[in-house]
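Student: Could you take me on a close look at a single part of this structure, the sheet in one of the chains, and what surrounds it? I would like one connected walk rather than a list.

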There are 2 protein chains.
Amino acid sequence: VIPGQGLPVAVDAMGGDHGPEVIVAGAVSASRAGIPVVLVGDESRVKAALPRGVTLPVVHAPEVVGMGEAAVAAVRRKPDSSLRRAVDLVQRGEASAAVSCGNSGAVVVAAVLGLGVLDQVERPAIAAVLPRSDGGQLVLLDAGANVDCRPEQLACFAILGAAYARLLGVPDPRVGLLANGEEATKGNQQSRATLPLLQALPLRVVGNTEPHAALAGACDVLVCDGFVGNVLVKGVEAAAETVVTLLRDEIKRNPSARFGAWLTSRAFGRFRQRVAWQAYGGGLLLGTRGVVVVGHGRANAEAVHAAVKIAHQAASQGLVPGLVERLAAQR
Amino acid sequence: VIPGQGLPVAVDAMGGDHGPEVIVAGAVSASRAGIPVVLVGDESRVKAALPRGVTLPVVHAPEVVGMGEAAVAAVRRKPDSSLRRAVDLVQRGEASAAVSCGNSGAVVVAAVLGLGVLDQVERPAIAAVLPRSDGGQLVLLDAGANVDCRPEQLACFAILGAAYARLLGVPDPRVGLLANGEEATKGNQQSRATLPLLQALPLRVVGNTEPHAALAGACDVLVCDGFVGNVLVKGVEAAAETVVTLLRDEIKRNPSARFGAWLTSRAFGRFRQRVAWQAYGGGLLLGTRGVVVVGHGRANAEAVHAAVKIAHQAASQGLVPGLVERLAAQR
């Protein structure tokens, strides 16, 4: 029996750039798809955001952690915030996982303080899953939990990332270290100090890996610090959006191309589902004693739905016991 | 009179992953487009790579700096390398600029040693120009010359990048600092120490800037260290390629979509010209006393042509005197 099965995903309804309406819409969409959810936030605002005729459980939380607030101070000062209360539900075993699209630094702090970290883990990392051009998936971490990392922390991220890739169905994940070239001489001070630590782990380490190689399938797990990782994930998403925007602009200019675009629209649709850049709702926090998904602040309802789905799947697959097992095996 | 006008661009014919054939093909293509070039490399191999009936000037260089060689040692040890000889032609005033798709670390070292750096510049930076979704251009630097940077170096990159953006036609360039969030509290140790230095410069500084904001038009110049910048540029290129590949795969599966794709092919073509990810042949080195373009090692002939064009335009526009003037004005 996996703990948390059947429990709802606690959704911080107040986090995110676009207010509770978007978050609630995403949660409703996830609920319609069969995922139990509980909304956490200002009860009157959350209920007002629910579509007519739809009822979802709401846990009242009178405070909100703002997007620009200093993470540690805000989390400590606001025990009644929607973020803290959502994490508390996981800690008390009343929710399988928590999702917040709020201040990402605060989400990580709330998860660490509220749930604690696993043995052998100093700091958790955010794992982002990106589509590769070979059809596989790339687990990139840290996607933003830790902006400054020591090499020992990066080595721990490799273990967490490989364990998560196994849960995603990759039997012997190849682990790459993000670098500006594939030769062992490449990299910065941090990555050059990290490479030998990775190579000493009982993992399949493929060494320094460039972003294009990783996105083409050279590895299943890509390790980097949270500053570089965050910037890379956001850059990759933005580039994909830019290409799609520019291509649509071109097609709109030309009437016969517009007809062609109509004919290719099914292909476009499947392509969007397959790539689903904006559907990658957020990153899964790895290393805490409970499942937490750090959603994009910019998340739309589709992205919120995707974040809830990631959280639900991770809890259902037994992410935390799975990580405990792998960490014990690496000792 | 701008020095270098009418002079050829010296092309290191031996650098790059794909051997002299690809480099020579790109140089021939640039020459056909009206850009004078001189090829530098092993004379017999370079001449053998020239298409039948095509003659281009060749400067013999018997040595080659390999892709995996340690940069400083290799450049010092090989005065007769194609790279060193190409830079020498610029230094002696016999070429307007040098282009190499070889070992990028070695290209930077050869440029610094062979040409020297401008006053007030400690280390040059590689500037990459990326297309933005608003139709503008983003000058990103450093795209890979310096993997570890002090905040003072990043501030110098801001001055160089803004000066280059002016040469590209932006009258009062907005300068952003790459970060994982736009609030002043975001960033890592390095970027948080850099932000006040940028804000003290007589430049239009827009503060911390995320990749998607920069690619959407929030700034004209994006400053970061060469490790992050290199990874980001490669990630952005790879994401664009991945999206195009996956979209083509989808279209190929469906016969009516294939007909649609044929109708939209002109739009695809214009889009490729406009975005031209692979046509962004390489980065322009800013801060040396001479024009050098650091091409992609993976460059195909089209990218080599683009790199030669970037070099020729920078020399024709008076990049070096322009930078000297702007650096003097910032004092």
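Tutor: Happy to. Let us agree on one word before we start: a residue is called buried when its relative accessible area is under 20%, and exposed when that area is over 50%, with partly exposed in between. Please keep in mind that this is a predicted model.

Let us begin with strand E4(B). B:Ala97 and B:Val99 point one way from E4(B), B:Ala98 and B:Ser100 point the other way, and all are buried. In a regular strand the side chains alternate between the two faces of the sheet.

Now for the neighbours of this strand. E1(B) pairs with E4(B) in the parallel sense, over 3 bridges. Within that pairing, B:Val9 has B:Ala97 of E4(B) as its bridge partner. E4(B) is also joined to E11(B) by 4 bridges, and these two strands run parallel. Here B:Val99 stands opposite B:Val293 in E11(B).

Step across E11(B) and you meet E10(B). E10(B) and E11(B) pair in the antiparallel sense, over 3 bridges. In E11(B), B:Val294 is the residue that B:Gly283 stands opposite.

With those pairings in hand, the whole sheet is easier to read. In chain B, 11 strands form an open sheet with mixed pairing, in the order E3-E2-E1-E4-E11-E10-E5-E6-E9-E7-E8. Its edge strands are E3 (58-60) and E8 (204-209) of chain B, each of which pairs on one side only. From one strand to the next, the twist averages 25 degrees.

Helices pack on this sheet, and two are worth following. Helix H9 (residues 226-252) of chain B packs on the sheet and touches E5, strand E6 (137-141) and strand E7 (174-178) of chain B. The direction of H9 makes about 140 degrees with that of E6(B). Helix H12 (residues 301-316) of chain B also packs on the sheet, where it touches strand E1 (9-12), strand E2 (37-41), E4, E10 and E11 of chain B. The direction of H12 makes about 160 degrees with that of E11(B).

Another helix with a link to E4(B) is H5(B), so let us look at its length, its ends and its cover in turn. Helix H5 (residues 104-115) of chain B has 12 residues, which at 1.5 Å a residue should span 16 Å; the end C-alpha atoms are 16 Å apart, which agrees. At the N-terminal end, B:Asn103 acts as a cap, with a side-chain oxygen 3.2 Å from the backbone nitrogen of B:Gly105. After the helix comes B:Gly116, whose phi is positive, near 80 degrees.

Which residues of H5(B) are buried? They are B:Ala106, B:Val107, B:Val108, B:Val109, B:Ala110, B:Ala111 and B:Leu115. What covers them includes helices H3 (71-77) and H4 (82-91) of chain B, together with strands E4 (97-100), E5 (125-131), E10 (282-286) and E11 (291-295) of chain B. E4(B), where we started, is therefore part of the cover over H5(B).

From here we can move to the loops beside these elements. Side chains of opposite charge can pair when their charged atoms come close. B:Asp119 and B:Arg289 form a salt bridge, and their closest N and O atoms are 3.2 Å apart. This pair links distant parts of the chain, 170 residues apart: B:Asp119 sits in the loop between H5 and E5 of chain B, and B:Arg289 in the loop between E10 and E11 of chain B. B:Asp119 is exposed because its relative accessible area is 55%, whereas B:Arg289 counts as partly exposed at 43%.

A second pair in this chain is B:Asp172 and B:Arg166, whose side chains meet in a salt bridge at 4.0 Å, N to O. B:Asp172 counts as partly exposed at 38% relative accessibility, and B:Arg166 is partly exposed as well, at 28%.

For a contrast with those side chains, turn to B:Thr194, in helix H7 (residues 189-199) of chain B. Its relative accessibility is 0%, so B:Thr194 counts as buried. Leaving out residues up to four places away in sequence, B:Thr194 touches B:Pro151, B:Leu154 and B:Leu177.

Key. Residues are numbered from 1 along each chain as its sequence is written. Chains are lettered from A and ligands numbered from 1 in the order in which they are written. This is a predicted model: local features need pLDDT of at least 70, side-chain atom pairs count only at pLDDT 80 or more; totals for chains, interfaces and linings use all residues. Side-chain values use heavy atoms; hydrogens and water are left out. The expected span of a helix is 1.5 Å times one less than its number of residues. Buried means under 20% relative accessible area, exposed over 50%, partly exposed in between (1.4 Å probe, protein chains only). Contact means heavy atoms within 4.5 Å. A polar contact is a pair of N or O atoms within 3.5 Å; within protein, one must be able to donate a hydrogen and the other to accept it, and residues adjacent in sequence count only if both atoms are side-chain atoms. Two strands pair if DSSP finds at least two bridges between them. Axes are lines fitted to C-alpha atoms, for helices over the stretch in contact, and angles run from 0 to 180 degrees between N-to-C directions.
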